[in-house]
Number of protein chains: 2
Amino acid sequence: MKHLPHKTIARLSQYRRALLLCLAKGKTHIFSHEIAKIQHITAVQVRRDIMLIGYTGTLRKGYNVKELIDLIGNIIDSEKRIDVCVVGTGNLGKAIINYFKGRRTKLTITAGFDIDPKKIGKKITGVPIYNVADIKKIIQEKNIRIGVMTVPGEQTTEICDMLVDAGIKGILNFTPKPVNVPHGVFLEEYDMITSLEKVAFFVKTQNEL
Amino acid sequence: MKHLPHKTIARLSQYRRALLLCLAKGKTHIFSHEIAKIQHITAVQVRRDIMLIGYTGTLRKGYNVKELIDLIGNIIDSEKRIDVCVVGTGNLGKAIINYFKGRRTKLTITAGFDIDPKKIGKKITGVPIYNVADIKKIIQEKNIRIGVMTVPGEQTTEICDMLVDAGIKGILNFTPKPVNVPHGVFLEEYDMITSLEKVAFFVKTQNEL
DNA sequence: AGGCTATTGTTAAAATAATAACAATGCAAA
DNA sequence: TTTGCATTGTTATTATTTTAACAATAGCCT
Ligand SMILES: NC(=O)c1ccc[n+]([C@@H]2O[C@H](COP(=O)([O-])OP(=O)(O)OC[C@H]3O[C@@H](n4cnc5c(N)ncnc54)[C@H](O)[C@@H]3O)[C@@H](O)[C@H]2O)c1
Ligand SMILES: NC(=O)c1ccc[n+]([C@@H]2O[C@H](COP(=O)([O-])OP(=O)(O)OC[C@H]3O[C@@H](n4cnc5c(N)ncnc54)[C@H](O)[C@@H]3O)[C@@H](O)[C@H]2O)c1
């Protein structure tokens with residue numbers, strides 16, 4: 001496989017989640033247009049993505065759900081579990097930790113960090129919350145490779161530097177403050193306001209037609 | 001202006017947020033490469049986006065921060081305020097309501113909905129929480145146009161249908177369950193797991209090099 | 001059995017997005 | 001004043017992503 005487009009990676013992750021639901025319902029095979037329907041994309045795109053990872057379905061029966069799930073896993077998952085930490089266990093951090101709890105994935109949140117003494121030492125659905133002062137030590141001890149940032153905007157830069165210093169390899173930044181990371185660290189940023197403003201733009205545009 | 005790419009819309013929204021921070025710091029002009037640095041993109045792309053909206057900077061001085069903010073506002077904002085509601089005021093819903101509080105934007109969260117009697121009737125940073133049973137009535141009374149869904153996955157489809165029925169024009173779905181909306185309703189879905197798996201994929205890939 | 005049809009896999013084309021290239025120019029410094 | 005140069009605006013090029021087109025064929029129906 002020479003190279004998978006970013007977009008394909010993102011879609012494969014989504015296909016897998018849809019497929020897992022199908023599997024749970026006892027469905028053994030699925031057509032490209034069924035996957036497409038769930039994800040609001042076209043069947044062609046689904047087939048193309050699946051082609052890119054080298055999987056082949058059965059004509060008139062579609063794709064074997066189980067096999068496809070496993071193959072996607074081989075592509076996007078790491079062999080070993082990847083440990084993830086969440087820095088800032090407020091509303092958003094808590095929601096994220098909860099959300100991950102119990103999901104079948106190679107990604108596991110194994111630590112939370114906070115500065116608030118009321119939170120340090122507690123657990124959130126089983127995940128221990130540590131003092132952010134110990135961040136480097138814990139990250140290295142637990143071999144945590146990915147950090148999710150959900151601290152207040154003002155702390156973002158500082159926390160990001162601490163994560164990089166501790167040897168983190170990927171950062172997912174949910175704070176409103178964009179950050180810079182050195183080469184070799186993968187950065188993904190998401191800002192809800194951008195999404196909402198996009199929705200609003202199209203709502204407005206449509207109204208003007 | 002014939003047509004703005006989706007990606008440009010999203011970036012304009014981000015430029016504005018960066019610009020607002022600059023304005024707050026008393027900066028009156030900004031160069032394309034400064035904006036680019038903040039957003040981790042290239043200066044060319046910034047200039048191109050700005051060109052697309054028909055704004056012109058001053059050579060050697062850059063862009064007038066205030067003017068650019070206003071112009072972006074003209075493009076992406078609605079004339080009038082657009083009201084937004086959040087359905088499901090748990091951890092994530094609460095985080096979102098908080099996040100929006102006090103931001104200068106034409107988008108305002110004016111209602112939350114929940115099914116939990118302990119939450120109904122309360123306020124979250126000033127936003128009243130209503131009984132989800134009254135959703136249609138309140139949405140129409142308040143002329144709410146956009147709905148954010150942060151309910152548990154199992155309720156997603158039902159809530160989505162209720163929002164559409166109430167006349168909502170745009171939906172931002174944060175639950176793990178993809179939904180279908182009729183033509184004329186703009187849908188945006190975001191799933192954190194996709195983002196995290198993407199980060200993990202690149203962390204893994206880089207490791208294998 | 002034989003034709004029909006839904007579906008896959010893949011190539012080709014189109015659309016969208018990002019980057020490069022560079023002329024124009026106005027400010028700063030010599 | 002003149003030169004140098006940083007910066008914009010814009011066109012051209014390249015890369016990426018999506019969509020279309022269609023041949024191949026497994027299974028269904030008659
Ligand atoms: N990107 C998005 O879509 C989005 C949506 C909502 C909120 N947010 C942002 O996410 C962040 C968190 O939001 P929230 O609602 O959970 O806020 P919150 O105040 O509930 O949580 C912040 C947490 O960070 C902790 N904290 C503060 N300083 C710290 C430090 N130096 N080290 C470690 N922990 C520290 C606090 O104790 C608190 O627990 C904010 O920046 C908010 O703007 C982003
Ligand atoms: N997409 C993401 O990035 C992301 C991240 C974290 C969580 N989530 C998802 O967001 C959702 C909310 O997460 P959370 O951590 O806030 O959960 P939560 O349990 O804290 O909140 C859910 C809220 O919805 C309310 N609710 C339940 N049924 C309802 C109904 N029929 N009508 C109205 N309200 C109802 C509950 O009372 C509760 O207040 C979940 O689906 C979760 O999986 C998504």
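A phosphate oxygen of DNA strand D sits 2.8 Å from an N or O atom in the side chain of A:Arg11, a polar contact in the sense of a pair of N or O atoms within 3.5 Å (within protein, one atom must be able to donate a hydrogen and the other to accept it, and residues adjacent in sequence count only if both atoms are side-chain atoms). This is a predicted model, in which local features need pLDDT of at least 70 and side-chain atom pairs count only at pLDDT 80 or more, while totals for chains, interfaces and linings use all residues. Residues are numbered from 1 along each chain as its sequence is written, chains are lettered from A and ligands numbered from 1 in the order in which they are written, and side-chain values use heavy atoms, with hydrogens and water left out.

Chain A makes another polar contact with this strand: the side chain of A:Gln45 has an N or O atom 3.0 Å from a sugar or linking oxygen of DNA strand D. From chain B, the side chain of B:Tyr63 puts an N or O atom 3.0 Å from a phosphate oxygen of DNA strand D. The elements giving two or more residues to the surface near this strand are helix H1 (6–24) and H3 of chain A, together with helix H2 (32–39) and H3 of chain B; helices here are DSSP runs (H or I, at least four residues), numbered from the N terminus. In total, 22 residues surround DNA strand D, and the closest are A:Arg11, B:Ser32, B:Arg47, B:Thr56 and B:Gly57; a residue is near a molecule or strand if one of its heavy atoms lies within 4 Å of it. As for the DNA side, 63% of the strand D atoms within 4 Å of the protein belong to sugar or phosphate, and the rest to bases. Sorted by class, the surface near DNA strand D has seven nonpolar, eight polar and seven charged residues. In this sorting, Ala, Val, Leu, Ile, Met, Phe, Trp, Tyr, Cys and Pro count as nonpolar, Asp, Glu, Lys and Arg as charged, and the others, Gly among them, as polar.

Next comes DNA strand C. Around it are 21 residues, the closest being A:Ser32, A:Arg47, A:Thr56, A:Gly57 and A:Arg60. Sugar and phosphate make up 57% of the strand C atoms that come within 4 Å of the protein. A base is touched as well: the side chain of A:Arg47 has an N or O atom 2.8 Å from a base oxygen of DNA strand C. Phosphate oxygens of strand C lie 2.9 Å from a polar side-chain atom of A:Tyr63 and 3.1 Å from an N or O atom in the side chain of B:Gln45. Helix H2 (32–39) and helix H3 (43–52) of chain A, along with H1 and H3 of chain B, each supply at least two residues of the surface near DNA strand C. That surface has seven nonpolar, seven polar and seven charged residues.

Two of those chain B helices also pack against each other. Helix H1 (residues 6–24) and helix H3 (residues 43–52) of chain B meet at an angle of about 100°, with their axes 11 Å apart; axes are lines fitted to C-alpha atoms, for helices over the stretch in contact, and angles run from 0 to 180 degrees between N-to-C directions. H1(B) is therefore roughly perpendicular to H3(B), a label covering 65 to 115 degrees (under 35 is roughly parallel, over 145 roughly antiparallel, and the rest oblique). B:Thr8, B:Arg11 and B:Tyr15 of H1(B) make the contact with B:Gln45, B:Val46, B:Asp49 and B:Leu52 of H3(B), where contact means heavy atoms within 4.5 Å.

Then there are the ligands. Ligand 1 is surrounded by residues from chains A and B, so the site is shared between chains. Its shell holds 24 residues, with A:Leu92, A:Asp114, A:Lys119, A:Val151 and A:Phe174 the closest. A nitrogen atom of ligand 1 lies 2.4 Å from a backbone N or O atom of A:Phe174, and an oxygen atom of ligand 1 is 3.1 Å from a backbone N or O atom of A:Asn91. The protein covers 85% of the 850 Å² of accessible area that ligand 1 has on its own, with areas from the Shrake-Rupley method and a 1.4 Å probe (for residues, only the protein chains shown count as cover).

Ligand 2 also lies between chains A and B. An oxygen atom of ligand 2 is 2.5 Å from an N or O atom in the side chain of B:Asp114.
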